[in-house]
Protein chains: 2
Amino acid sequence: MKLGEGVEAAIHCAAMLAGVEGNSTMSGAAMAEAFGLSPSYLLKHLNQLTTAGILESVSGPAGGYRLARPAERITLLDIVLAVEGREPAFRCGEIRQRGPVKLDAKAYVKPCGINAAMLKAERAYRAALAEAKLSDIVADFMNHADPRTVAASCAFVERHQRPQKVQQPSKRER
Amino acid sequence: MKLGEGVEAAIHCAAMLAGVEGNSTMSGAAMAEAFGLSPSYLLKHLNQLTTAGILESVSGPAGGYRLARPAERITLLDIVLAVEGREPAFRCGEIRQRGPVKLDAKAYVKPCGINAAMLKAERAYRAALAEAKLSDIVADFMNHADPRTVAASCAFVERHQRPQKVQQPSKRER
DNA sequence: CTATTGCAGATAAAAATTATCCATGATAAG
DNA sequence: CTTATCATGGATAATTTTTATCTGCAATAG
């Protein structure tokens with residue numbers, strides 16, 4: 001059982017984006033630099049987060065990414081599923097029916113007990129991930145991590161976040 | 001996140017071996033046939049189970065595999081770890097320290113909170129697998145599966161299990 | 001207009017998984 | 001003692017997945 005490296009990258013990026021103020025953004029290139037990752041590949045994962053509705057993206061200069069909703073409403077499960085896909089880790093190949101003895105299909109309507117047990121464990125895994133809010137991760141980092149790393153992280157965000165153009169209210173909304 | 005196909009094969013084989021009587025064995029070839037699997041590859045997985053102490057193997061004609069201990073004391077976790085390895089699915093690459101800002105190593109003595117959260121979820125997964133005993137899987141199959149599949153499975157075991165040579169007690173033990 | 005940025009798709013490189021083969025040693029049976 | 005069966009271990013190949021790069025395109029701030 002293995003999780004791709006993209007998961008780690010995605011969570012770290014989301015945590016960092018939780019630090020940007022208001023509707024400012026941070027570019028994918030900046031985050032790639034922050035974590036020593038390949039920019040072009042990181043974009044793929046960020047895009048998965050965007051597609052999943054976890055991040056919002058802004059094109060153009062001063063563009064980048066920001067959280068699509070408050071960190072309190074983003075869980076590690078959201079991120080893991082966005083990056084790794086929603087399929088369970090255990091995929092039942094129904095090898096029980098692949099033997100030489102042919103029984104008609106009706107004999108196999110009951111789901112495989114092994115599959116059921118494996119999926120039950122996976123539900124426990126996902127439930128635990130669903131408990132972990134991004135805001136908890138960030139708060140824990142702020143409160144308990146080494147002050148130097150916190151300071152460095154905040155400085156990086158401060159330096160790379162980019163305020164967005166103020167929305168000009170249209171005539172009709174004035 | 002993905003589990004290899006070997007896990008499914010290994011669990012099915014272990015469940016089947018739970019049905020062989022006494023110290024009889026069943027050959028790897030027979031199990032490969034039962035599930036329509038590649039014999040030479042299945043042997044690899046069976047060997048992993050043997051190495052892990054879940055199965056016992058017997059060489060020679062009439063040889064094969066049997067459970068190394070009662071099915072009550074074999075869990076799905078035992079099997080999954082034997083086949084997939086014991087490392088956690090989430091491996092922290094410490095990308096937090098891979099950025100351009102160099103802090104000395106002492107700033108990173110505290111473990112990464114993201115890693116901690118991911119590992120916690122994984123403990124929940126493993127705990128659930130540790131709850132699932134092979135004997136439960138087998139009992140559930142016997143009691144609730146379609147009677148035809150149960151009959152077919154029992155017949156297969158009956159046909160392929162091989163009694164072992166009786167142990168001749170040595171003079172000194174008599 | 002121009003430079004920057006995200007996006008989609010094609011493609012390539014690297015790694016892991018799945019599968020096969022062969023030589024070897026063990027052993028039951030003739 | 002010979003033969004046939006079976007697990008083991010190592011080498012190797014085929015296949016799939018993961019990781020990474022590149023290019024052209026659309027969006028947009030200045």
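**Figure 1. Arg66(A) and its surroundings in the predicted model.** The side chain of Arg66(A) comes within 2.6 Å of the backbone oxygen of Asn23(A). All views shown here are of a predicted model. Arg66(A) belongs to strand 2 of chain A, which covers residues 64-67. Is Arg66(A) buried or exposed? Its relative accessibility is 17%, so Arg66(A) counts as buried, the cut-off for buried being under 20%. Leaving aside residues up to four places away in sequence, Arg66(A) touches Leu17(A), Asn23(A), Ser24(A), Thr25(A), Ile54(A), Leu55(A), Glu56(A), Val58(A) and Gln164(A). Asn23(A) therefore appears both as a residue touched by Arg66(A) and as the owner of the backbone oxygen that the Arg66(A) side chain reaches.

**Figure 2. The relation between chain A and chain B.** A turn of 180° with a shift of 0.0 Å along the axis lays chain A on chain B, with an RMSD of 0.0 Å. This is the relation of a two-fold axis. Which residue of chain A comes closest to the rotation axis? It is Tyr125(A), with its C-alpha at 2.4 Å. Of the interface residues of chain A, 98% are also interface residues in chain B, so the copies meet through the same surface.

**Figure 3. Met118(A) in the largest nonpolar core.** The largest nonpolar core has 100 residues, and Met118(A) and Met118(B) touch the most other members. Residues up to four places away in sequence are again not counted in the following list. From its own chain, Met118(A) touches Phe90(A). From chain B, Met118(A) touches Leu3(B), Val7(B), Ile11(B), Leu76(B), Val80(B), Tyr125(B) and Leu129(B). In soluble globular proteins, nonpolar side chains tend to be buried together.

**Figure 4. The protein surface near DNA strand D.** DNA strand D is surrounded by 25 residues, and the closest are Ser38(A), Lys44(B), Asn47(B), Tyr65(B) and Arg162(B). By type, the surface has six nonpolar, 13 polar and six charged residues. At least two residues each come from helix 3 (39-51) of chain A and from helix 3 (39-51), strand 1 (55-58) and strand 2 (64-67) of chain B. Helix 3 of chain B gives the most, with four residues.

**Figure 5. Polar contacts with DNA strand D.** Which parts of DNA strand D lie within 4 Å of the protein? Sugar or phosphate accounts for 67% of these atoms, and bases for the rest. A polar side-chain atom of Lys44(B) is 2.8 Å from a base oxygen. A polar backbone atom of Pro61(B) also lies 3.1 Å from a base oxygen. At Gly60(B), a backbone N or O atom is 3.3 Å from a sugar or linking oxygen of the strand.

How values were computed: Residues numbered from 1 in each chain as written. Chains lettered and ligands numbered in written order. Predicted model: local features only at pLDDT ≥ 70, side-chain atom pairs only at ≥ 80, totals over all residues. Heavy atoms only, no water. Core = buried A, V, L, I, M, F, W, Y, C linked by side-chain atoms within 4.5 Å. Buried < 20%, exposed > 50% of the residue type's maximum accessible area, 1.4 Å probe, protein only. Contact = heavy atoms within 4.5 Å. Near = heavy atom within 4 Å. Polar contact = N/O pair within 3.5 Å; in protein donor to acceptor, adjacent residues only side chain to side chain. Nonpolar A, V, L, I, M, F, W, Y, C, P; charged D, E, K, R; others polar. Least-squares fit on C-alpha atoms with pLDDT ≥ 70 in both.
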